[in-house]
Amino acid sequence: SLGISYGEHTFYVVASGGSDATTDGTTITWGKPGDTFYLAKTVDLQPTGDKNVSLVLKRVATRLRIDPSDEIPADIASLAWQGTWYYAFNYLTGEADGAQSTERSVSVPASYIGTTGELSVASYSLCPIDGYTTDIKITARRSDESAITEINLSDVAFERNRLTVLSGGLATSTRSFGISVDDAWADDFVLGW
């Protein structure tokens, strides 16, 4: 409940699960973006009008989830993913800002080693109004930081209020191969004598 004078007012409402937020003018920057919702609404408050104002916030974040589909290798220590992520949001314009190409990573608990379909990692980014694409590099690492595998994906799409799921094998290929025999003879060589 707010006590607000009569007349026209514009409300800017941001709700976020991000952490380490700082504000500079009309821009909020998070150290770690989280699920974020936003609304800008102009309301004309009059003595005889409705006393209740309903504000419905819309998601302005996107989320990446990585689901390895093969058996988690015995020597894995961490899983990392690199791409371009947005860390800031301008509540006056409603646009994401603060794009950075950074790597995010998590330690893989030993309880996941040898499992299939159980490990899943995810992260949030603020998202521009029109969405965006970025190249993603996924790296499975050993405890000495050497790579078990690197997977490079081009032009991965992100949009507001949309989950992007990347799935595939970390240590093995999930591609299928078809084998066939071309048993047709080439044109004959015909020689006379």
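Why does C127 count as buried? C127 has a relative accessible area of 0%, so it is buried, a label that goes to anything under 20% relative accessible area, with exposed meaning over 50% and partly exposed in between (1.4 Å probe, protein chains only). We'll come back to C127 after a look at the whole chain.

First, some ground rules. This is a predicted model, in which local features need pLDDT of at least 70 and side-chain atom pairs count only at pLDDT 80 or more, while totals for chains, interfaces and linings use all residues. Residues are numbered from 1 along each chain as its sequence is written, and side-chain values use heavy atoms, with hydrogens and water left out.

Now the overall picture. The protein chain has 0 helices and 12 strands, so read from the start the pattern is β-β-β-β-β-β-β-β-β-β-β-β, where helices (H or I, at least four residues) and strands (E, at least two) are DSSP runs numbered from the N terminus. The radius of gyration is 26 Å, whereas a compact globule of 193 residues would come out near 16 Å; that value is taken over C-alpha atoms, and the globule rule is 2.2 Å times the number of residues to the power 0.38. Along the principal axes, the C-alpha atoms fill a box of roughly 110 × 50 × 25 Å.

On the surface side, 33% of the 193 residues count as buried. The accessible surface is about 12300 Å², and carbon and sulfur atoms own 49% of that (Shrake-Rupley method, 1.4 Å probe; for residues, only the protein chains shown count as cover). As for charge, there are 14 positive and 25 negative side chains, with the centres of the two sets 10 Å apart. Here Lys and Arg count as positive and Asp and Glu as negative, leaving out His and the chain ends, and each charge is placed at NZ of Lys, CZ of Arg, CG of Asp or CD of Glu.

How do the contacts spread along the sequence? Of those between residues at least 6 apart, 65% join residues at least 24 apart, a contact being heavy atoms within 4.5 Å.

Next, the aromatics. The structure holds 5 aromatic pairs, counting rings of Phe, Tyr and Trp (its six-membered ring) whose centres lie within 6.5 Å, with planes under 30 degrees apart called stacked, over 60 edge-to-face and the rest tilted. One of them is Y86 with Y132, edge-to-face at 4.9 Å centre to centre and 70° between the planes. That pair ties together distant parts of the chain, with Y86 in strand β7 (residues 78-90) and Y132 in strand β10 (residues 132-141), 46 residues apart. Both Y86 and Y132 are buried.

Y132 also pairs with F158, this time stacked, at 5.3 Å centre to centre and 20° between the planes. Again the link is between distant parts of the chain: Y132 is in strand β10 and F158 in strand β11 (residues 147-158), 26 residues apart. Y132 counts as buried because its relative accessibility is 11%, and F158 does so because its own is 2%. Put W85 alongside Y86, Y132 and F158 and you have one aromatic cluster.

What does F158 touch, not counting residues up to four places away in sequence? The answer is T62, R63, L64, W85, C127, G131, Y132, T134, I136 and T164. By contrast with that list, a distance check to K137, 21 residues apart from F158 along the chain, gives 15 Å between C-alpha atoms.

That list brings us back to C127, which sits in the loop between β9 (121-126) and β10. Leaving aside neighbours within four places in sequence, C127 is in contact with V60, A61, T62, E95, A96, Y132, F158, E159 and R160. Its C-alpha is 5.9 Å from that of T62, although the two are 65 residues apart along the chain.

Two backbone oddities are worth a glance. D155, in strand β11, has phi near 50°, a positive value in a residue other than glycine, and D155 counts as exposed because its relative accessibility is 55%. N161 also has a positive phi, near 60°, and N161 is placed in the loop between β11 and β12 (163-168).

Finally, try S19, found in the loop between β1 (7-16) and β2 (22-24). At 30% relative accessibility, S19 counts as partly exposed. Beyond its neighbours within four places in sequence, S19 is in contact with W30, G31 and K32.
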